[in-house]
Amino acid sequence: MIQPILRAALLGAITIAANAFAGQQVSDGKSDGKKIIHEPMAEESPWVMNMRSSYTGESDFKRGRNASGDSFYKGVDVSRRFSLAGAGLPALSKDGGWYLRVGFDYNRWDFGNTGALPIPNHLQSAAADLALEYLVNGQIGFLLETEPGVYFQNDVRANNFDAPTKLVLTYPVTDRFVLVGGVSYTSMRSYPFIPLIGFSWTINDQWKISAIPPEPRIIYTASDKLQLWAGGELAGGSFRVDDMNSHKEKTLDHAVVDYSEWRAGAGLTYKVSGVELDLGAGYAFQRKFDYHRANAGYETDQGAPYVKLRVSAAF
């Protein structure tokens, strides 16, 4: 029953995308917009690598006597993009193309825990990254992505397998304003299905609003190489923990936990020779471990500063 529904949803999304991009043209901004030009499809770099890291300072938890802790995150992903030209997929735009992206993604969170709360000292994931993309001048027009893998603490077991999946479609209202819609699915999450709704608005050559979850931003382009930004972020994920042998809460043995950090900050993005450096800092308002299936949770009652770094390379 589920597979026919998924196939119908995918076909419907591609049909909507075809209608959305059909006839979409780019104005050169001259002659009151009457002159129309078609920008050529940019050649896509086949290999992409991202390295990410962040540190959030120590803060107290609401539950537990003198309980506090910090968090340290690091992650890396590598992917290879293959052109699907000639595969028979419908052309959504004169300047776009279909791609298959295949890669690997690893993430790890480490946590401080001075109050001996029943929270994990770390959480990690190792997953494949499979995506069907439609790119228009380097921008996503259609995305179907899944990350099948293990989301665990230490022990790799069959029940910590998950395949977080998202379907995203963009609709170009004008050449400067694009609507973004879709849905994400994660079986371990407290709410498996979450809608993805947002927009991207290029106000002028300097200012842009990218109101797209989970990391909305206001961006100022200072030069071809430098951008300044401010925005929010929801960081974290869903995992399954091991035995809580040192705690009385036996209901948390092998429990599923949603970990989240709500952040706001500012930073800069610097691009040169196929390498992009993204550096930011700000304030994490809350950190939370939500054992939603066991009706238990532990969250901080105060915030803490954070710093983050991402280095991306396309080659």
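Reader: What joins the side chains of Gln124 and Tyr106?

Author: In this predicted model, the two side chains are joined by a polar contact of 2.6 Å. A polar contact requires a pair of N or O atoms within 3.5 Å, and the value of 2.6 Å between Gln124 and Tyr106 therefore meets that distance limit.

Reader: Why is Gln124 called buried?

Author: Gln124, whose place is in strand S6, has a relative accessible area of 9%; buried means under 20%, so Gln124 is classed as buried. Leaving aside neighbours within four places in sequence, Gln124 is in contact with Tyr106, Asn107, Arg108, Val150, Tyr151, Phe152, Gln153, Asn154 and Phe239.

Reader: Why does Ser210 count as buried?

Author: The relative accessible area of Ser210 is 16%, and because the limit for buried is under 20%, Ser210 falls in that class. Ser210 lies in strand S13, which spans residues 207–211, and beyond its neighbours within four places in sequence it is in contact with residues including Phe199, Ser200 and Glu215.

Reader: What makes Arg81 and Glu133 a salt bridge?

Author: The closest N and O atoms of Arg81 and Glu133 are 2.8 Å apart, and a salt bridge asks for a side-chain nitrogen of Lys or Arg within 4 Å of a carboxyl oxygen of Asp or Glu, so the pair qualifies. The pair links distant parts of the chain, since Arg81 is in strand S4 (residues 68–83) and Glu133 in strand S6 (residues 122–136), 52 residues apart. Arg81 and Glu133 are both buried.

Reader: Which parts of the chain does the salt bridge between Arg263 and Glu233 tie together, and why?

Author: The side chains of Arg263 and Glu233 meet in a salt bridge at 3.3 Å, N to O. Arg263 lies in strand S16 and Glu233 in strand S15 (residues 226–240), so the salt bridge ties together parts that are 30 residues apart in sequence. Both of these residues, Arg263 and Glu233, are buried.

Reader: How do you know that Glu276 and Arg310 form a salt bridge, and what parts of the chain does the pair link?

Author: The closest N and O atoms of Glu276 and Arg310 are 2.9 Å apart, and the cut-off is within 4 Å, so the pair is counted as a salt bridge. It links distant parts of the chain, with Glu276 in strand S17 and Arg310 in strand S19 (residues 304–314), 34 residues apart.

Reader: Why are Glu276 and Arg310 called partly exposed?

Author: Glu276 has a relative accessible area of 21% and Arg310 one of 22%; buried means under 20% and exposed over 50%, with partly exposed in between, so both residues belong to the partly exposed class. Salt bridges that share partners join Glu276 and Arg310 into one network, whose members also include Glu233, Arg263, Lys271 and Asp278. By the same distance rule, the count of salt bridges comes to 23.

Reader: What makes Val275 partly exposed, and which residues is Val275 in contact with?

Author: Val275 has a relative accessibility of 37%, and partly exposed covers the values between the limits of 20% and 50%, so Val275 is placed in that class. Val275 lies in strand S17 (residues 275–291), and, leaving aside neighbours within four places in sequence, is in contact with Tyr270, Val311, Ser312 and Ala313. Val275 and Ala313 are 38 residues apart in sequence, yet their C-alpha atoms are 4.5 Å apart in space.

Reader: Why is Val272 called partly exposed, and where is it found?

Author: Val272 is found in strand S16, and its relative accessible area of 34% lies between the limits of 20% and 50%, so Val272 is partly exposed.

Reader: Which residues form the nonpolar patch on the surface, and which strand supplies the largest share?

Author: The nonpolar patch is formed by Leu228, Leu268, Tyr270, Val272, Leu277, Leu279 and Leu309, with about 520 Å² of accessible area together. Membership requires over 30% relative accessible area, and the 34% of Val272 is therefore above that limit. Strands S16 (256–272) and S17 each supply at least two residues, while the largest share, 3 residues, comes from S16.

Reader: How many helices and strands are there in the chain, and what percentage of the residues is buried?

Author: The chain has 1 helix and 19 strands, and buried residues make up 39% of its 315 residues.

Conventions
Residues numbered from 1 in each chain as written. Predicted model: local features only at pLDDT ≥ 70, side-chain atom pairs only at ≥ 80, totals over all residues. Heavy atoms only, no water. Helix = DSSP H or I, 4+ residues; strand = E, 2+ residues; numbered from the N terminus. Buried < 20%, exposed > 50% of the residue type's maximum accessible area, 1.4 Å probe, protein only. Contact = heavy atoms within 4.5 Å. Patch = residues over 30% accessible without salt bridge, like charges linked within 9 Å, V, L, I, M, F, W, Y side chains within 5 Å. Areas by Shrake-Rupley, 256 points an atom, 1.4 Å probe, with all protein chains shown as cover. Polar contact = N/O pair within 3.5 Å; in protein donor to acceptor, adjacent residues only side chain to side chain.
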